[in-house]
Amino acid sequence: SESRNIYSLFIYITLLDVGILGVSFFKKWRALNLIGLFGSLVITLSWMSLGRPGEDKWALAVFSSVFFLIFTAATISHTIIKKIKSEFYDSLLLLINAISYFLVILSLFERNKNGMSFFSFGLAIFYFVVAYISFSYNKEDKATALFLPGLSITFLTIAFGIMFQQHWITVAWSVEAAILAWISFQLRQKNFRVFSLIMFTLVLIRLLFFHSYLPVNDLYIILFNKRVIAFVASILAFGFAIWIYGKNKMTLSEEEKKIISILVIVANFLTILVLSQEVYGFYQKQLFFENRARSSAIAPSQYDYSYGYQRKPFDEAGQKYYKTVQSIRNRQSISLSILWALYSVGLVAIGFLRKSRLLRVSGILIFGVTIFKLFIVDLWSLGQLYRIIASIGLGIILLATAFVYQKYKDRIKQII
């Protein structure tokens, strides 16, 4: 009886959606299309919440596919048949339709990764074919000609991400954000830039809360791991957005020009963050092997698993191990300081070459943080002789910096 109910209900909803398709073709009432899409989605989600996914999932998948095709046709029928240029709300409807359909199918078949990979690949092909047909019939509609291939690339990226079980969802979002930024300037539509910035914000959140931490074990490979893939793709997407914003700077309002600075800051923050994590991970892997070797050589009662080393190095081997661990940690901290110093110098140099005040100031600030870390953290982890030498060297550098600034402060203010 319940099985008959689902078919009766969804056949009725399908007929209503077909009616919406017919009305929208003649009247082009976008509000009606959105209402129909959200109504169909709400009913689908409500039925899924009844807790019978095993029995009804194929029926739900079929009807969701029918709804998806109906509202895709309702959106692009004007472009193909009537050869009318699409508007922003048509692209919005295409985006909502694609995302909602993908999420519904994903929730139904989330355990079948191979199936979801082929499904995403199928969506990529579908949007590519639709884009080709749309462009063939209406070459003047640049919005649809650009937006549909963007959706195709996004689902293609997701397909590879699911197939290889990497951090490709973040990569897909980065690609989509970059594509939306590019489309916004091609079509001169500010609304697409808003969606692009929302996607970039989601990418940043995902990087910080989902990809920053990566367990270090014998399988960890520096620079060739999931975290680096996600960060590099995202940084490249931010870099592309910076380039496209800078190229079209004259068309931006004063408020939007500030976005360029924000994008530059975020891109540099992500770059130095992932480089620092890889340097940190390089030494953590050394500690991992040292701890594993030591834990197998001592009695369990003498090993502190919360700290990863022997409580008290009673024997000669324990003392050697303790010194090795301290040496690795010291090199880890100093290597981070060297990385930050080199990065800050590079930023300042690029800032001079590009005549970018933002890059110069950012480089100087990072160098200041490096000096602070060197004085507060690194110096006290070194031996006494090296500590004295480093303190004297740091003092000389600071005195020289103060002297140069005092003598050339007017020129420095103009440069900075």
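Me: How many cavities of 30 Å³ or more does the chain hold?
Reply: The structure shown above is a predicted model. A cavity is a space where a 1.4 Å probe fits but from which the probe cannot get out. With a lower limit of 30 Å³, the number of such cavities is five.

Me: What is the volume of the largest cavity?
Reply: Rolling a probe the size of a water molecule over the atoms shows where empty space is left. For the largest cavity, the computed volume is about 100 Å³.

Me: Which helices each supply at least two residues of the lining of the largest cavity?
Reply: The residues that line the largest cavity include Leu-37, Ser-40, Phe-67, Phe-68, Asn-97 and Tyr-101. Helices that each give at least two residues to this lining are H2 (30-48), H3 (53-82) and H4 (88-108).

Me: How many aromatic pairs does the model contain?
Reply: Two rings of Phe, Tyr or Trp count as a pair if their centres lie within 6.5 Å. Under this rule, the number of aromatic pairs is 18.

Me: Is the aromatic pair of Phe-126 and Tyr-127 stacked or edge-to-face?
Reply: The two ring centres are 5.3 Å apart, and the angle between the planes is 75 degrees. Planes under 30 degrees apart count as stacked and those over 60 as edge-to-face. Because 75 degrees is over 60, the pair of Phe-126 and Tyr-127 is edge-to-face.

Me: Which residue of that pair, Phe-126 or Tyr-127, is buried?
Reply: A residue is buried if its relative accessible area is under 20%. Phe-126 has a value of 25%, so Phe-126 counts as partly exposed. With a relative accessible area of 1%, the buried residue is Tyr-127.

Me: What is the angle between the planes of Phe-282 and Tyr-283?
Reply: Phe-282 is partly exposed at 39% relative accessible area, whereas Tyr-283 is buried at 11%. Their rings form an edge-to-face pair with centres 5.1 Å apart, and the angle between the planes is 85 degrees.

Me: Which residues do ring pairs link into a cluster with Phe-126 and Tyr-127?
Reply: Phe-126 and Tyr-127 belong to a cluster that ring pairs hold together. Besides these two, its members are Phe-68, Tyr-101, Phe-102, Phe-119 and Phe-155.

Me: The charged end of which residue sits over the ring of Trp-173?
Reply: A charge sits over a ring only if, among other conditions, NZ of Lys or CZ of Arg is within 6 Å of the ring centre. Over the ring of Phe-352, the charged end belongs to Arg-360, at 5.4 Å from the centre. Over the ring of Trp-173, at 5.5 Å from the centre, it belongs to Arg-206.

Me: Is Ser-196 buried or exposed?
Reply: Ser-196 lies in helix H8 (residues 190-211). Leaving aside neighbours within four places in sequence, its contacts are Ala-177, Leu-180 and Ala-181. Because its relative accessible area is 1%, Ser-196 is buried.

Me: How far apart in space, C-alpha to C-alpha, are Asp-378 and Ser-335?
Reply: Asp-378 is part of helix H12 (residues 357-381), and at 0% relative accessibility Asp-378 counts as buried. Leaving aside neighbours within four places in sequence, Asp-378 is in contact with Ser-333, Ile-334, Ser-337 and Lys-373. Asp-378 and Ser-335 are 43 residues apart in sequence, and their distance in space is 10.0 Å.

Me: Which residue, Leu-223 or Lys-355, counts as exposed?
Reply: Leu-223, in the loop between H8 and H9, has phi near 70 degrees. Lys-355, in the loop between helix H11 (316-354) and H12, has phi near 55 degrees. Exposed means over 50% relative accessible area, so Leu-223, at 47%, counts as partly exposed. With a value of 74%, the exposed residue is Lys-355.

Me: Which element of the chain has the lowest mean pLDDT?
Reply: The chain averages a pLDDT of 81, and 85% of the residues score at least 70. Helix H9 (residues 226-247) has the highest mean, 94, whereas the lowest, 46, belongs to strand E2 (residues 309-310).

Me: How many contacts does the stretch of residues 304-311 have beyond near neighbours in sequence?
Reply: Over residues 304-311 the pLDDT is below 50. Contacts are nevertheless present in the model, and beyond near neighbours in sequence their number is 18.

Technical notes:
Residues numbered from 1 in each chain as written. Predicted model: local features only at pLDDT ≥ 70, side-chain atom pairs only at ≥ 80, totals over all residues. Heavy atoms only, no water. Phe/Tyr/Trp six-rings, centres within 6.5 Å; stacked < 30°, edge-to-face > 60°. Buried < 20%, exposed > 50% of the residue type's maximum accessible area, 1.4 Å probe, protein only. Lys NZ or Arg CZ within 6 Å of the ring centre and 35° of its normal. pLDDT = per-residue confidence, 0-100. Helix = DSSP H or I, 4+ residues; strand = E, 2+ residues; numbered from the N terminus. Contact = heavy atoms within 4.5 Å. 1 Å grid on protein atoms, 1.4 Å probe; cavity = no way out; pocket = protein on both sides within 12 Å on 5 of 7 lines; lining within 4 Å. Points joined across faces, edges and corners; volume = space filled by probe spheres on them.
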